[in-house]
Amino acid sequence: MKYAGMPFGMWTLFAPSFRNQLTAVFGYGTNTAKAITKKAKPKYREIISELPEFEKGDRFKMNLVNCAMISAFILSMPERPKVDRLTDYYAKSMMTKPMKWFCRMSGKSKFTEKDIAGMKATAALRAADRNPYSWNMELYEYPDDSGYEGRFTKCGICVLMKKLGLYDLTPALCRLDYTMSEAGGATDFVRQYTLASGGPYCDCGYKKKSFVKAGTEAGR
């Protein structure tokens with residue numbers, strides 16, 4: 001994968017946040033945080049350079065680029081982080097003001113015809129059949145019209161984290177799904193399994209907040 005383009009843009013956008021949260025979450029001093037970030041940048045570029053290019057229409061390239069970034073920071077830290085602290089660090093590093101805005105805009109278009117069509121197209125693409133660092137999913141629309149579930153049987157993040165020797169830390173990245181759903185304001189995220197925790201698949205369920213509210217009020 002070429003560094004120019006999305007990987008470069010994502011580093012420019014998020015590296016300052018990743019650096020600042022090294023101090024806020026892990027307690028590293030300012031100079032140490034700067035040193036970690038300086039070390040992480042070439043590591044990030046190295047990771048990116050060893051990844052294949054994604055197909056046009058593959059919506060998960062950004063997910064893997066984000067994984068490469070957090071991995072570069074982990075590999076540049078003086079000590080290997082624990083999952084709980086890393087979960088907090090990753091969420092706070094990713095949820096910048098632009099990202100929160102992006103989530104709100106995505107929330108406004110959730111469950112529209114365009115959104116459903118996009119999910120169906122992603123399921124049909126089965127990109128991981130050709131690129132092990134991508135994802136395969138199936139779409140299940142809830143029969144009560146309360147939302148839908150994306151059920152993933154292959155996960156590019158799992159593959160990359162295994163390659164980098166960081167697989168035990170993968171659950172820290174999985175948790176961001178909840179954070180982004182909450183920031184979007186339109187859905188309640190529900191999940192039973194993840195591949196990283198030994199499940200048969202990763203289920204990403206999106207329940208309409210309006211549906212949950214109506215159902216709750218009706219049951220009173």
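**Exercise 1. Place M105 and its surface patch.**
Find the element that holds M105 in this predicted model, and decide whether the residue is buried, partly exposed or exposed.

*Solution.* Step 1: start with the location, which is helix α5 for M105. Step 2: look up the relative accessible area of M105, 31%. Buried would need under 20% and exposed over 50%, so M105 is partly exposed. Step 3: look at the partners. M105 joins W101 and F102 in a nonpolar surface patch of about 300 Å².

**Exercise 2. Describe the largest pocket.**
Which residues lie nearest the centre of the largest pocket, and which elements give two or more residues to its lining?

*Solution.* Step 1: begin with the space itself, about 1,300 Å³. Step 2: go to the centre, where R59, F60, N63, M180 and Y206 are the nearest of 43 lining residues. Step 3: trace the walls. Helices α3, α5, α6, α8 and α9 each give two or more residues, and so do strands β2 and β4. Step 4: sort the lining by class, which gives 22 nonpolar, 13 polar and eight charged residues.

**Exercise 3. Find the enclosed space.**
How many cavities of 30 Å³ or more does the structure hold, and what lines the largest cavity?

*Solution.* Step 1: the count is one. Step 2: the volume of the largest cavity is about 40 Å³. Step 3: walk around its lining, where you will meet G57, D58, R59 and F60, then T122, L125, R126 and A127, and finally S134 and W135. Step 4: by class, four of these residues are nonpolar, three polar and three charged.

**Exercise 4. Inspect two unusual backbone angles.**
What are the phi values of R126 and D145, and where do these residues sit?

*Solution.* Step 1: take R126, in the loop between α6 and β1. Its phi is positive, about 45°, although R126 is not a glycine. Step 2: take D145, in the loop between β1 and β2. Here too phi is positive, near 65°, and the residue is other than glycine. Step 3: add accessibility. R126 is partly exposed at 34%, whereas D145 counts as exposed at 53%. Step 4: check the surroundings of R126, which belongs to a network of salt bridges with D129 and K154.

**Exercise 5. Sort the salt bridges by their span.**
How far apart in sequence are the partners in K43–E46, R130–E55 and R80–D168?

*Solution.* Step 1: recall the principle. Side chains of opposite charge can pair when their charged atoms come close. The whole structure has 12 salt bridges. Step 2: K43 and E46 meet at 3.5 Å, N to O. They are three residues apart in helix α2, so about one helical turn separates them. Step 3: R130 and E55 meet at 2.7 Å, N to O. R130 is in the loop between α6 and β1 and E55 in the loop between α2 and α3, so this pair ties together parts 75 residues apart in sequence. Step 4: R80 and D168 have their closest N and O atoms 2.5 Å apart. This pair links the loop between α3 and α4 with the loop between α7 and α8, 88 residues apart. Step 5: compare with a backbone contact, F54 and S134, whose C-alpha atoms are separated by 7.7 Å although the residues are 80 apart along the chain.

Note on methods:
Residues numbered from 1 in each chain as written. Predicted model: local features only at pLDDT ≥ 70, side-chain atom pairs only at ≥ 80, totals over all residues. Heavy atoms only, no water. 1 Å grid on protein atoms, 1.4 Å probe; cavity = no way out; pocket = protein on both sides within 12 Å on 5 of 7 lines; lining within 4 Å. Points joined across faces, edges and corners; volume = space filled by probe spheres on them. Helix = DSSP H or I, 4+ residues; strand = E, 2+ residues; numbered from the N terminus. Nonpolar A, V, L, I, M, F, W, Y, C, P; charged D, E, K, R; others polar. Patch = residues over 30% accessible without salt bridge, like charges linked within 9 Å, V, L, I, M, F, W, Y side chains within 5 Å. Areas by Shrake-Rupley, 256 points an atom, 1.4 Å probe, with all protein chains shown as cover. Salt bridge = Lys/Arg side-chain N within 4 Å of Asp/Glu carboxyl O. Buried < 20%, exposed > 50% of the residue type's maximum accessible area, 1.4 Å probe, protein only.
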